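Student: I have a model open on my screen and would like to learn how to read it. Could you take me through some of its features?

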Amino acid sequence: MLEFAGWLLDLFEDPREGLVLYFIDESGARHRLTRHFPVTFYALGSDAELRALWQHLNRRPTEISLSRTQRMDVFKRQSVTALGITVQNPYEARKVFSQTAAEFPHLEYADADLHIALRFAAETGAFPLAHCQVMADETGQLKEIDVLEDAWTLKPTPIPLRTMTLAPDVPPHHARPHYLNISMEGNQYQLSLQTWRPLLVNLRALIQRHDPDVLLTDYGDTWLLPKLLQQSEKHHIPLGLNREAGRGVAWHEERTYFSYGQIVFRGQQIHLFGRCHIDRQNAVLWKDYELDGTIEVSRVTSLPLQTSSRVSPGTGISSIEMLTALREGILVPWQKQQAEMLKPAADLFTADQGGLVYQPQIGVHKNVAEIDFVSLYPAIMVHFNISPETILTQPDTDNIVPALGLAIDTSQDGLIPKALRPLLEKRVEMKKHLACTPHWDPFRKNFKRRASALKWLLVTCFGYLGYKNARFGRIEAHQAVTAYGREALLRAKEAAEDMGYKVIQLYVDGLWVQHPDNTQPKDINPLLLEIQERTGLPISLDGIYRWVVFVGSRQNKQRPVANRYFGVFQDGSIKVRGIDARRCDSTPFVAETQMHLLELLASKENPETALPDAVAYLQKRIRALHQGDIGLSELLVRQRLGRKLEAYRTPSPAARAVMQLKAAGKDLRPGQRVPFLYTLGKPGVFAWDRPQKPNPRSVDVARYQRLLLRAAGIVLEAWGLDEETLTEKVHTDLSQLSLPIPPKQHPGKHRRNIPGVVNPAVNRALKG
Amino acid sequence: MEQHITPFPLPKTGKISLVVAPKGVRHSLMSMLAALALRGRVIVVDGGNCFDGYTLARELRRQTHHVQAALKQIWLSRAFTCYQMVAMLAELPRDGTPIIILDMLSTFLDENVNFSKRQRLLENSLGLLRRLSEHAPVAVWARTRTTAAEENEQLLTPLLSTAHDIWELETPTLPEHQLPLF
């Protein structure tokens with residue numbers, strides 16, 4: 001008998017042994033265990049159809065057992081008769097299902113395409129990276145597994161993962177890499193990519209010596225591992241990337257899809273067996289939450305680490321819902337059939353609205369408190385029990401959804417609230433814990449990353465309720481959430497106004513309020529309690545701004561724009577939304593300059609006194625731009641290719657850059673970001689990943705200057721220095737320095753100065 | 001650019017009327033919908049999330065003071081997948097209420113579903129449409145596209161052979177060189 005405490009690292013189907021599991025022992029050993037693990041999927045249809053399927057499957061040679069069973073259909077709100085098809089080896093299950101679905105296409109199927117890790121977690125409670133107590137027999141058959149810490153533990157025992165990092169010295173799509181940099185347990189190695197045999201021999205030796213649990217790569221999915229595998233085969237030097245002997249790597253195709261109105265590209269993926277491969281360049285939200293967050297996602301979604309690193313938060317939420325359904329004996333539909341119910345067009349106007357927005361008052365506001373509902377939409381789903389099966393179209397309860405002719409059945413917990421509750425509670429606990437963790441605490445980063453991972457899962461759970469391919473989505477439930485959200489925000493606004501606050505802006509789940517006397521965090525507590533009382537939903541103070549600026553629309557400065565602002569909290573931290581410093585398609589040069597201008601304003605008690613420094617800094621940056629002192633990489637614009645090249649009538653700058661790459665033999669897919677420089681003449685861009693080097697003299701300096709002045713104008717306009725004033729100032733400055741003056745930009749017909757008195761500080765700034 | 005095209009004749013029971021046209025035809029379809037709504041109940045199945053409530057309300061306001069009442073005559077449901085489209089057509093009442101299907105092929109252009117499966121589901125939908133048209137007027141809009149044009153064409157062929165009346169509209173092509181203005 002083998003007994004140990006450790007962590008479940010990886011699990012996958014095996015053609016001979018059913019299910020293979022890899023564990024990390026607390027003592028440092030690694031174990032490979034197996035388990036007989038039959039899986040069941042269900043067919044639904046008329047008795048005659050199910051009988052025909054039963055007769056058909058009875059003739060199959062594969063080990064299948066069939067049963068007539070009753071399962072819960074969440075959309076029908078009752079148990080339905082189903083044919084249970086149990087396949088003894090999970091490896092065969094996918095094949096059996098696809099053949100069955102092809103031969104009996106008119107039937108509905110459920111529990112058909114679930115990840116093996118979800119099935120295992122539903123049956124045993126053990127999820128990937130769970131700390132468990134394990135017992136196995138002499139043949140390596142897993143006999144018992146008990147989870148020591150569940151997925152909702154706030155501070156789980158750290159996993160002693162062995163991580164090896166592999167990265168080419170330069171991005172391969174940009175230039176040909178010369179070295180492979182390897183780091184492992186504090187040791188650094190550099191292997192030449194010019195000669196493959198020594199590289200393969202050395203890499204194999206390193207993998208054998210260190211036996212890493214995780215291979216953390218850059219471009220491992222799209223370039224490095226395919227290259228290594230190709231050369232390994234060519235030179236007959238097996239690398240041992242997998243721990244599982246005799247298995248090749250698993251390739252997953254690249255794909256392009258729409259998400260939240262944006263086209264997204266995901267490169268091909270390479271998954272290993274017994275060892276986890278994560279490509280940092282192809283991982284989802286890696287920059288946001290890195291390995292700590294990815295581990296957190298893996299634990300709470302029950303998806304293996306290398307899968308969780310590559311799936312969107314929406315898929316993560318879907319996995320949590322499916323796991324809950326499996327545990328509750330609810331059918332997980334393979335293809336959701338339920339459509340929106342027929343409703344009068346008049347109702348669509350009231351039902352199909354999003355979050356509530358009150359446009360802000362443009363300009364500078366002092367001592368403004370920003371208060372936010374904590375994870376508003378998930379909290380609504382949990383608090384009001386919103387789920388596809390709890391929506392009642394014939395309201396006979398008291399729980400009428402505001403403004404919609406629907407009601408919510410609260411007699412029992414819905415599937416979605418059941419799935420979300422522990423996630424939401426953990427997120428709230430982590431937020432509280434983070435607030436009390438000092439900045440020097442070594443675990444703060446880890447906590448922050450994990451909290452961020454949970455935040456993303458919760459952010460997408462609302463969208464998934466209305467997503468067409470969500471297994472448990474329903475448009476009416478989606479509409480009920482926004483209806484409750486609008487009601488909650490209105491009640492919060494009324495509470496604030498009743499308590500003497502002035503409301504500056506409302507935005508979906510947050511309020512910006514101002515009170516002449518309540519300018520300290522403790523002063524806001526009564527308001528928070530009042531809102532919580534009136535709405536039943538948790539709300540917290542994000543902070544009190546020393547000052548906050550709401551900027552107007554670019555087309556018409558008098559017109560306010562929701563969610564476009566910047567401000568400085570009382571602790572000196574800066575918050576920006578919707579401006580260049582935050583946007584991912586800004587050039588680093590513009591974004592950094594704008595952020596620095598904000599820092600200058602934030603550094604002074606009275607921001608007006610920082611204006612001379614701000615203008616001087618701006619002039620310095622523009623001089624540097626004209627003198628060629630700004631590195632070309634600082635001028636790169638990264639834009640997403642929105643569609644296939646052929647679909648462009650008038651190619652965007654990104655499309656023109658992609659055309660250049662195509663001519664150089666590099667193909668980009670819709671959804672991929674393309675870095676490029678704005679250049680003089682036609683085609684006006686230079687794709688950064690072209691084999692040739694860009695000529696620094698060809699850079700369209702005037703265009704970058706315009707972008708910079710526009711960004712600076714957004715920040716300084718509230719103090720009287722708008723884009724036009726700054727442009728005038730810069731022209732004067734450049735002429736004094738005898739630098740080439742770019743053509744003056746003619747103000748558009750909508751561009752006007754905001755009327756106002758130019759204060760002495762501005763005058764000083766203008767005079768330099 | 002949205003362009004107002006000549007209003008279509010109202011569909012008739014026993015026939016499937018098909019409009020093959022680009023997005024710009026939506027305006028005219030809303031006019032047709034407004035005319036039907038003033039006569040009684042009408043069902044709209046929206047396959048491309050393109051129901052334009054505001055244009056419809058404007059059209060109704062031109063013709064009646066009772067806009068809300070007219071809007072209540074229009075019963076709408078949106079399909080976001082081809083599975084939903086089939087399920088929705090199967091559930092529609094067969095009580096003579098006119099049925100308008102907007103951008104029907106949009107849900108069948110879903111690369112997440114195998115093409116042969118989509119073709120099979122479209123065949124099912126067309127069978128359901130035929131049965132529905134025996135009891136009620138049915139009008140279908142198939143949107144012409146520049147993207148996924150080949151698949152769209154393949155899916156359009158069975159729809160064309162199912163329809164009884166077909167209007168094919170094209171976006172006017174602009175001359176390569178601007179004509180002299182003076």
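Student: How many strands form the open sheet that contains β10 of chain A, and in what order?

Tutor: First, the vocabulary: helices (H or I, at least four residues) and strands (E, at least two) are DSSP runs, numbered from the N terminus, and two strands pair if DSSP finds at least two bridges between them. Here five strands of chain A make an open sheet with mixed pairing, ordered β12-β11-β10-β13-β18. β12 (187-192) and β18 (276-279) of chain A are the edge strands; each has a single partner, so one side of each lacks a neighbour in the sheet. From one strand to the next, the twist averages 20°; angles run from 0 to 180 degrees between N-to-C directions, and axes are lines fitted to C-alpha atoms, for helices over the stretch in contact.

Do keep in mind that this is a predicted model: local features need pLDDT of at least 70, side-chain atom pairs count only at pLDDT 80 or more, and totals for chains, interfaces and linings use all residues. Residues are numbered from 1 along each chain as its sequence is written, with chains lettered from A and ligands numbered from 1 in the order in which they are written.

Student: In which sense do β13(A) and β18(A) pair?

Tutor: Strand β13 (residues 214-217) of chain A pairs with β18(A) in the parallel sense, over four bridges. To find the spot, look for A:L216, which stands opposite A:I278 in β18(A). Helix α4 (residues 196-210) of chain A packs on this sheet, where it touches β10 (163-168), β11 (179-184) and β12 of chain A. The direction of α4(A) makes about 155° with that of β12(A).

Student: How do I read two helices packed together?

Tutor: Two packed helices are described by the angle between their axes and the distance between the axes. Take helix α10 (residues 376-383) and helix α13 (residues 475-498) of chain A: their axes come within 9 Å and cross at roughly 105°. α10(A) and α13(A) are therefore roughly perpendicular to each other (angles under 35 degrees count as roughly parallel, over 145 as roughly antiparallel, 65 to 115 as roughly perpendicular and the rest as oblique).

Student: Which residues of α10(A) meet α13(A)?

Tutor: A:L376, A:Y377, A:I380 and A:M381 of α10(A) meet A:V481, A:Y484 and A:G485 of α13(A). Residues are in contact if their C-beta atoms, placed from the backbone, lie within 7 Å. By class, this contact has six nonpolar, one polar and no charged residues; Ala, Val, Leu, Ile, Met, Phe, Trp, Tyr, Cys and Pro count as nonpolar, Asp, Glu, Lys and Arg as charged, and the others, Gly among them, as polar.

Student: How many residues of chain A are in contact with chain B?

Tutor: 19 residues of chain A are in contact with 22 residues of chain B. On the chain A side, α9(A) gives the most, with four residues. Strand pairing also links the chains: β19(A) runs antiparallel to strand β3 (residues 74-78) of chain B, joined by two bridges. In that pairing, A:P344 stands opposite B:W75, and A:K343 has B:L76 as its bridge partner.

Student: Why is β3(B) described as largely enclosed?

Tutor: Four of the five residues of β3(B) are buried, so the rest of the structure largely encloses this strand. A residue is buried if 20 or more other C-beta atoms lie within 10 Å of its own, exposed if 12 or fewer, and partly exposed in between, with C-beta atoms placed from the backbone. Within chain B, five bridges join β3(B) to strand β2 (residues 42-46), and these run parallel.

Key: Two residues are in contact if their C-beta atoms, placed from the backbone, lie within 7 Å.
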